[in-house]
Amino acid sequence: MKRFPCLLLAGLILTLPPRLVTGEPFSGGSRSAGALQPRTVELLRHDLAVELTPSRHHILATDRVTLKALVSDLNRLSFSLNPALRVTRIEERSGSGRHPLPFTTETVQRDAAPATLAPEGRRQGEGQPSEPDQAIQMVTVRLRAPSARGDLLTLEWSYEGTLNDPPREPRQLRFVTPSETAGHIGSEGVYLSGETHWYPDLRGALPTARIVVVTPEGWEALTHGRQVSRSVRDGITISEWQVSAKTEALTLVANRFVKTAREWQDPSGRSIEVAAYLFPEDAHLSGEYVQASVRYLEFYTKLLGPYPFPKFAVVENFFASGLGMPSFTLLGSGVIKRHYVQPYALGHEIVHSWIGNWVFNDFE
């Protein structure tokens, strides 16, 4: 989830890399500040199953993590996780076997965030939430046996905890940053981002993912990629999402949304879902946002190349925000009510589908 000043757009359009057109995400190197560190393992995929209980601020999750060893004699790995989450079990899966692994946990201070391009002319509620002071839990897992270079490893995590950080007024100027939260599960809504560390992660990872989310009936969950199934039974809603585009960080949101969607054919004939997930009192605005999104997609695909994701959704947020994530934008309720469909508004958010969420920043 990256931001680029609008004034840089003209120069970036002239230098878009070939991978933008061929369908592979581009990155010039590590996505973290400081010297490049040699990687010992590649995180390929998350298979997440998440149960959210907003009334208790609670998450119960399993994550089957697929990794590839990049060196020989790899015998331990350290993952980041929110310190409010308690790991109950980590197993290594090999064929049909499941082998519990020993692990240790340590709470450390978050590394300083890398310097990013300064915002220019942002409107109220737009921008990336500044990261509150927060410690990180490092979970170090000892493998059953040292790996060989190229080995595939599958670790299955079970964990749970309470994530209760209600959004609050920003410490910076209101027109620069939205409300601040490190991640929240509550009756007013769910917002879990990369800064939440709500799943085990490795620095610099670019995984794909499958995510199954269980919420109370009447709630809708949304994340990157495309929804492949949804069912309601016994008072719960179950939705499954497939994230095929490599991504720096997964964001998961949920609320009492009313969804309106249509299929749009891009210039190559590929079908893209264009949707609006709005609160019931604002659902009458869905058509306006869907139609405007289609107009901008038609324009920018001619200028920037194929749209990189299987959907684009306008999603209403329970706190002030204007955030661009891969395949959706998260807009505060106050912004939604103000018909945020102008080129410098919704059009700006859609351009981030290419600049920032497909073409990554290289902090080196």
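1. A good place to start is the hairpin formed by β4 and β5, which has two residues between its strands. G95 sits in that turn with a positive phi of about 65 degrees. Strands here are DSSP runs of E with at least two residues, and helices are runs of H or I with at least four, both numbered from the N terminus. Two strands pair if DSSP finds at least two bridges between them.

2. Before going on, please keep in mind that this is a predicted model: local features need pLDDT of at least 70 and side-chain atom pairs count only at pLDDT 80 or more, while totals for chains, interfaces and linings use all residues. Residues are numbered from 1 along each chain as its sequence is written, and side-chain values use heavy atoms, with hydrogens and water left out.

3. Back at the hairpin, four bridges link β5 to β4 (residues 85-94) in the antiparallel sense. S94 has G97 as its bridge partner in β5, and E92 stands opposite H99 of β5. β4 also runs antiparallel to strand β8 (residues 152-162), with seven bridges joining them. There, E91 stands opposite E156 in β8.

4. Both pairings belong to an open sheet of eight strands with mixed pairing, in the order β5-β4-β8-β2-β1-β11-β14-β13. Its edge strands, each pairing on one side only, are β5 (97-100) and β13 (226-233). On average, neighbouring strands of this sheet are turned by 20 degrees against each other, direction ignored. Such angles are taken between axes, which are lines fitted to C-alpha atoms (for helices, over the stretch in contact), and run from 0 to 180 degrees between N-to-C directions.

5. There is also an open sheet of three strands, antiparallel in its pairing and ordered β3-β7-β6. Its edges are β3 (74-81) and β6 (103-109), each of which pairs on one side only. The twist from one strand to the next averages 25 degrees. β3 runs antiparallel to strand β7 (residues 135-147), and seven bridges join the two. One residue to look at is R76, whose bridge partner in β7 is R142.

6. Now to a pair of helices: the axes of α3 (residues 286-304) and α5 (residues 343-351) come within 10 Å and cross at roughly 60 degrees. α3 is therefore oblique to α5 (under 35 degrees counts as roughly parallel, over 145 as roughly antiparallel, 65 to 115 as roughly perpendicular, and the rest as oblique). By class, their contact has 10 nonpolar, two polar and no charged residues (Ala, Val, Leu, Ile, Met, Phe, Trp, Tyr, Cys and Pro count as nonpolar; Asp, Glu, Lys and Arg as charged; the others, Gly among them, as polar).

7. I272 deserves a look too; its place is in strand β17 (residues 271-278). I272 counts as buried because its relative accessibility is 0% (buried means under 20% relative accessible area, exposed over 50%, partly exposed in between, with a 1.4 Å probe and protein chains only). Leaving aside neighbours within four places in sequence, I272 has contacts (heavy atoms within 4.5 Å) that include R262, W264, Y307, F309 and F312. The C-alpha atoms of I272 and R262 are separated by 8.4 Å, the two residues being 10 apart along the chain.

8. Finally, the chain as a whole has five helices and 20 strands. Buried residues make up 53% of its 364 residues. Of the contacts in the chain with a separation of 6 or more, 74% come from residues 24 or more positions apart.
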